[in-house]
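Biologist: Hi! Could you pull up the model so we can walk through it together?
Modeller: Sure, here it comes.

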Amino acid sequence: MEDNDRVNGDLNANMRCQSTGDPQLDKAVHQWLTWDRNRWTRAQLDSLIAAGHLDELRSRLCSRMSFGTAGLRAPMGAGFNRINDLTVIQSTQGLYSHLCRYFPDLSSRGLVVGFDTRGQEESGCSSERLAKLTAAVMLSREVSVHLFSSFVPTPYVPYAVKKLGAAAGVMITASHNPKEDNGYKVYWSNGAQIASPHDKEILRSIEEELEPWSASCWDEDLVDHSSLRTDPLTQINSCYMDELASLCFHRYSQILSLSCPLKFVHSSFHGVGHVFIQQAFQVFGFAPPIPVPEQKDPDPNFSSVRCPNPEEGESVLKLSLLLAEKENARIVLATDPDADRLAVAENSDGCGWKVFTGNELAALLGWWMFFNWKESHPDPADTQNVHMLATTVSSKILQAFARIEGFHFEETLPGFKWIGNKIHELSKTGQRVIFAFEESIGFLCGSMVPEKDGVSSAVVVAEMAAYLHNKNLMLNQQLDNIYQTYGYHVSKTSYVICNDPPTIQKIFSRIRNFDGDGSYPKTCGGIQIVHVRDVTTGYDSSRPDLRSVLPVSRSSQMITFTLQNGVVATLRTSGTEPKIKYYTEFCAAPGKSEVCRLEEELQKVTAALLDKFLEPEKNNLIRRLV
């Protein structure tokens with residue numbers, strides 16, 4: 001591009017800025033003010049400079065975002081390590097350069113772009129605006145763009161990538177993160193989130209193309225008059241709903257239950273889910289669920305909840321549960337703001353509400369999917385091509401199913417990008433994945449899209465509940481039946497918050513040298529540790545070669561302990577939030593049903609894992625608010 005096409009800010013204003021005394025910071029400030037065209041984020045930076053907030057300036061300008069388990073995710077606002085107009089333009093320029101190396105036909109295949117309902121007035125950033133800027137960068141390079149005209153669930157983007165044969169997809173979302181955050185999620189041509197080496201290569205490409213190419217990159221109106229822009233919303237929504245019908249196994253169950261219909265309440269947590277869940281229920285022949293009125297419509301401030309994450313359980317489901325009691329609805333369904341996760345609660349007839357964990361829901365959905373698979377595939381030989389998948393920090397209940405039923409089970413690293421890519425890998429050899437999940441209420445029923453999907457999962461849960469209702473069974477009763485058949489799997493999942501990365505490094509370094517240099521802990525809660533797997537370093541004491549089968553992931557921390565009593569415990573850092581997560585599970589053999597004793601043993605190990613290994617008080621960790 002010609003120099004006069006380059007985006008230059010007010011250079012004279014830059015010259016008027018006083019030096020901070022830090023050459024690296026001065027250079028970053030100069031770059032930002034030269035390149036940024038968003039008046040709100042420029043004003044934010046000007047304010048920080050005027051106030052002399054050098055530490056805050058360094059935090060915002062002297063480092064960049066990196067791809068985690070859900071792409072780029074950070075607070076919105078001014079700075080190279082935040083989500084804003086400039087960093088989205090830079091990211092898209094890097095993505096374009098990377099895609100050019102892999103797709104000679106990039107211009108015709110194009111990019112799918114979707115967005116959720118987030119926005120922040122003080123930075124002038126909204127998901128819709130950032131999506132239009134993403135499109136503008138590609139359009140400025142004569143690449144066709146399939147930009148949704150309205151907000152969509154996250155799984156619609158990878159679904160559209162596959163359906164339209166696009167080279168890649170971008171979803172602007174921060175899912176269930178706090179209102180201050182936003183994100184940039186990238187999908188490859190196979191519909192799965194990018195994984196190594198694409199993530200690292202895209203980051204390198206971004207750093208090589210930091211200066212915006214031209215004024216066109218900032219022109220969000222370009223999408224309205226470019227012939228290369230199409231709107232896939234109507235086509236993709238129609239195709240998705242048509243294909244969703246393949247997951248409806250027992251339509252007659254709605255007819256049989258008309259005399260005593262099962263009622264559902266749905267919350268979309270101020271996000272995108274309401275209209276799509278309503279349509280999905282109609283596809284299955286259900287009356288639409290009763291929406292929570294305070295949470296039905298998009299609201300980027302998430303005004304009615306302390307945090308927009310249904311995984312937090314009963315404390316954030318209060319409005320849903322109150323409405324369900326008022327309407328005499330037995331089941332509550334809650335999708336997170338971008339509708340890729342699902343929480344479920346059931347009214348237990350006088351015993352209060354049971355909010356299912358992700359692991360418990362997976363046990364129910366895994367059972368349901370295989371039950372219906374067997375109904376339509378009575379030949380046991382067909383089972384040889386069936387797979388179920390779970391992330392390694394999730395319950396081993398699917399492994400117990402597989403052991404008894406004869407299908408295949410595989411684990412992946414945490415994050416649905418690993419599951420999505422494993423689905424693609426298996427499909428190339430004629431294998432079929434009928435269910436996959438991660439414990440953080442992310443489920444995929446069937447293989448419509450290689451991504452967790454709250455919309456399809458919600459309506460599948462509804463049909464399963466209706467089927468069981470016709471047999472005078474509740475979801476919780478069926479869960480108990482599953483455990484009696486396959487063995488009780490009692491689990492505990494929680495987290496602590498740590499806003500200081502060096503502290504996290506110190507904690508995990510101490511664990512790796514717990515009993516001397518290079519020696520992991522030997523006991524937890526008085527129980528002997530028999531195996532240690534450290535995915536960060538690639539160590540696995542259970543393997544003859546001491547090398548982990550799971551891919552090494554040095555950019556995050558994850559250590560798993562297997563105890564003599566059968567408990568499996570894992571500590572890991574979150575890829576999207578400043579959290580250290582901990583997971584424990586007691587996997588009992590079929591028939592072993594002393595649940596109280598199992599829970600007591602698990603609690604003992606969990607308490608030791610938290611107090612002795614993480615030392616929350618000593619390390620100023622914030623315990624989860626329940």
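Biologist: Which residue in S13 is the bridge partner of Ala-345?
Modeller: That's Val-355. Keep in mind that this is a predicted model. S12 and S13 are joined by three bridges and pair in the antiparallel sense.

Biologist: And what sits between those two strands in the hairpin?
Modeller: Five residues. Asp-349 is in that turn, and its phi is positive, about 45°.

Biologist: What about S12's pairing with S11, parallel or antiparallel?
Modeller: Antiparallel, over five bridges. For example, Thr-335 has Leu-342 in S12 as its bridge partner. S11 and S12 form a hairpin too, with six residues between the strands, and there Ala-339 takes a positive phi near 60°.

Biologist: Is S12 mostly buried or exposed, then?
Modeller: Mostly buried: five of its six residues are, so S12 is largely enclosed by the rest of the structure.

Biologist: Okay, zooming out. In what order do the strands of this sheet come?
Modeller: The order is S10-S9-S11-S12-S13, in an open sheet with mixed pairing. S10 (290-291) and S13 (353-355) are the edge strands, and each of them pairs on one side only.

Biologist: Mixed, huh? Where is a parallel pair?
Modeller: Look at S9 (residues 264-267) and S11 (residues 331-335), which run parallel and are joined by four bridges. Ser-267 has Ala-334 in S11 as its bridge partner.

Biologist: Which helix lies across S9, S10, S11, S12 and S13?
Modeller: Helix H14, residues 318-327, and it runs at about 155° to S9.

Biologist: New topic: the six-strand sheet. Why do S1 and S8 each have one side without a neighbour?
Modeller: Because S1 (72-75) and S8 (229-230) stand at the edges, each with a single partner strand. The order of this open sheet is S1-S7-S6-S2-S5-S8, again with mixed pairing.

Biologist: How many bridges link S1 and S7?
Modeller: Four, in the antiparallel sense. One residue to look for is Tyr-184 in S7, the bridge partner of Leu-72.

Biologist: What about helices over there?
Modeller: Helix H5 (residues 85-102) lies across S1, S2, S6 and S7, at about 5° to S7. Helix H7 (residues 127-139) lies across S2, S5, S6, S7 and S8, and it runs at about 165° to S2.

Biologist: Last one: what does UniProt list for the domain?
Modeller: The unreviewed UniProt entry lists residues 65-210, 241-347 and 358-485 for "domain: Alpha-D-phosphohexomutase alpha/beta/alpha". Residues 358-485 are 53% helix and 17% strand, with end C-alpha atoms 20 Å apart.

Technical notes: Residues numbered from 1 in each chain as written. Predicted model: local features only at pLDDT ≥ 70, side-chain atom pairs only at ≥ 80, totals over all residues. Heavy atoms only, no water. Pairing = 2+ DSSP bridges. Contact = heavy atoms within 4.5 Å. Axes fitted to C-alpha atoms, helices over the stretch in contact; angles between N-to-C directions. UniProt positions renumbered as here; feature names shortened; annotations may be inferred. Buried < 20%, exposed > 50% of the residue type's maximum accessible area, 1.4 Å probe, protein only.
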